[in-house]
Amino acid sequence: MQGNEWMEESNSIYPKEQRNNIVVKTALIGDPFVGKTSLMVKYVEGKFDEDYIQTLGVNFMEKNIYVKNLEITFSIWDLGGQKDFVTMLPLALSDTVAVVFMFDLTRKITLQNVKEWYRQARTYNKSALPFLVGTKFDGFVTLPKEEQITIVEQSRKFARAMKAPLIFCSASHSINVQKLFKVILAKLFDLRVSVEENHNVGEPLLEWYYPPTSPPSSNGGSAPSS
Ligand SMILES: Nc1nc2c(ncn2[C@@H]2O[C@H](COP(=O)(O)OP(=O)(O)OP(=O)(O)O)[C@@H](O)[C@H]2O)c(=O)[nH]1
Ligand SMILES: [Mg+2]
């Protein structure tokens with residue numbers, strides 16, 4: 001599928017009555033301050049705010065995508081990372097089809113903590129597809145090279161264990177935000193999309209084939225058949 005076949009609401013050429021709607025509930029999970037709310041707001045509203053407003057409980061936002069006459073409503077559920085809100089995991093995860101486990105690329109502990117988030121999430125939802133997302137790539141590139149390499153290796157290890165695509169992004173610098181949601185749809189619906197992988201350390205990683213295959217062809221990646 002070519003990128004220009006994905007459209008935002010204002011561009012839909014199909015009248016509402018001719019569209020089929022499908023809701024894709026996606027949950028954003030991870031430690032406080034990793035940038036869950038920022039990613040959601042950036043994707044839905046295209047905005048970024050440097051100020052931190054802690055999420056109390058669970059928030060959600062919606063965004064429509066059009067693929068031909070199919071209307072896909074992303075229903076994005078953003079759970080506050082403070083331990084107290086773990087009681088709301090069942091709500092965030094009920095009927096969820098994709099879980100994005102998020103960590104801050106500049107704070108290693110937040111990656112270690114993904115293990116516990118994953119364990120908890122799996123007790124409430126065993127079927128949702130997992131995704132591993134490293135945030136604040138703009139800060140990550142300022143770290144010493146050796147540290148970047150360690151973080152890349154550790155995050156690949158986690159992604160392999162979770163059988164999850166691995167994506168580094170930055171909400172502040174608009175890196176891989178749209179692509180993350182494209183990859184989610186591609187994995188969920190086994191679609192071919194024009195999202196190329198990136199395996200280069202020091203660049204925003206985008207490794208979404210699982211199990212890993214040979215490097216993507218020059219005309220872009222395609223979804224695996226399994
Ligand atoms: N430099 C940089 N800062 C970011 C990025 N994404 C988020 N931030 C900042 O990180 C802080 C925390 O972001 P939030 O999105 O509120 O974090 P959260 O994960 O929702 O936090 P909780 O609601 O407490 O769970 C804010 O000050 C954001 O501006 C990014 O890509 N780059
Ligand atoms: Mg938040």
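A residue counts as buried here if 20 or more other C-beta atoms lie within 10 Å of its own, with C-beta atoms placed from the backbone. Keep that cut-off in mind as you browse these close-ups of a predicted model.

**View 1. Strand S5 is covered on both faces.** Strand S5 spans residues 98–104, and seven of its seven residues are buried. On one side sit Ala 98, Val 100, Met 102 and Asp 104. Val 99, Phe 101 and Phe 103 make up the other side, and they are buried as well.

**View 2. S5 pairs with S2 and with S6.** Strand S2 (residues 20–30) runs parallel to S5, and five bridges join the two. To find your way along this pairing, start at Thr 26, whose bridge partner in S5 is Ala 98. Strand S6 (residues 129–135) also pairs with S5 in the parallel sense, here over seven bridges. A handy landmark for this second pairing is Phe 101, which has Leu 132 in S6 as its bridge partner.

**View 3. Helix H4 has a buried face and an exposed side.** Within H4 (residues 114–124), the buried residues are Val 114, Trp 117 and Ala 121. Looking down the helix axis, you will find these buried residues within an arc of 60 degrees, so they line one face of H4. Turn to the other side of H4 and you meet Glu 116, Arg 119 and Thr 123, which are exposed. The packing partners of the buried residues of H4 include strands S2, S5 and S6. Helices H2 (89–93), H3 (108–112) and H6 (145–162) also pack against those residues.

**View 4. The largest nonpolar core holds 53 residues.** Leu 28, Ile 29, Val 100, Phe 101, Ile 167 and Cys 169 have the most contacts inside this core. Helix H7 (residues 177–189) gives the most to the core, with seven residues. For a closer look, try Ile 29: leaving aside neighbours within four places in sequence, its contacts include Val 99, Val 100, Phe 101 and Met 102. Ile 29 is also in contact with Leu 79, and with Trp 117 and Ala 121.

**View 5. Ligand 1 is surrounded by 22 residues.** The closest of them are Gly 35, Thr 37, Ser 38, Thr 55 and Gly 81. Two elements give two or more residues to this shell, helix H1 (36–45) and helix H5 (137–140). The largest share, three residues, comes from H1. If you are curious about the chemistry of the shell, its residues divide into five nonpolar, eleven polar and six charged.

Terms used
Residues numbered from 1 in each chain as written. Chains lettered and ligands numbered in written order. Predicted model: local features only at pLDDT ≥ 70, side-chain atom pairs only at ≥ 80, totals over all residues. Near = placed C-beta within 6 Å. Helix = DSSP H or I, 4+ residues; strand = E, 2+ residues; numbered from the N terminus. Nonpolar A, V, L, I, M, F, W, Y, C, P; charged D, E, K, R; others polar. Buried ≥ 20, exposed ≤ 12 C-beta atoms within 10 Å, placed from the backbone. Pairing = 2+ DSSP bridges. Arc of directions from axis to C-beta. Contact = placed C-beta atoms within 7 Å. Core = buried A, V, L, I, M, F, W, Y, C linked by C-beta atoms within 7 Å.
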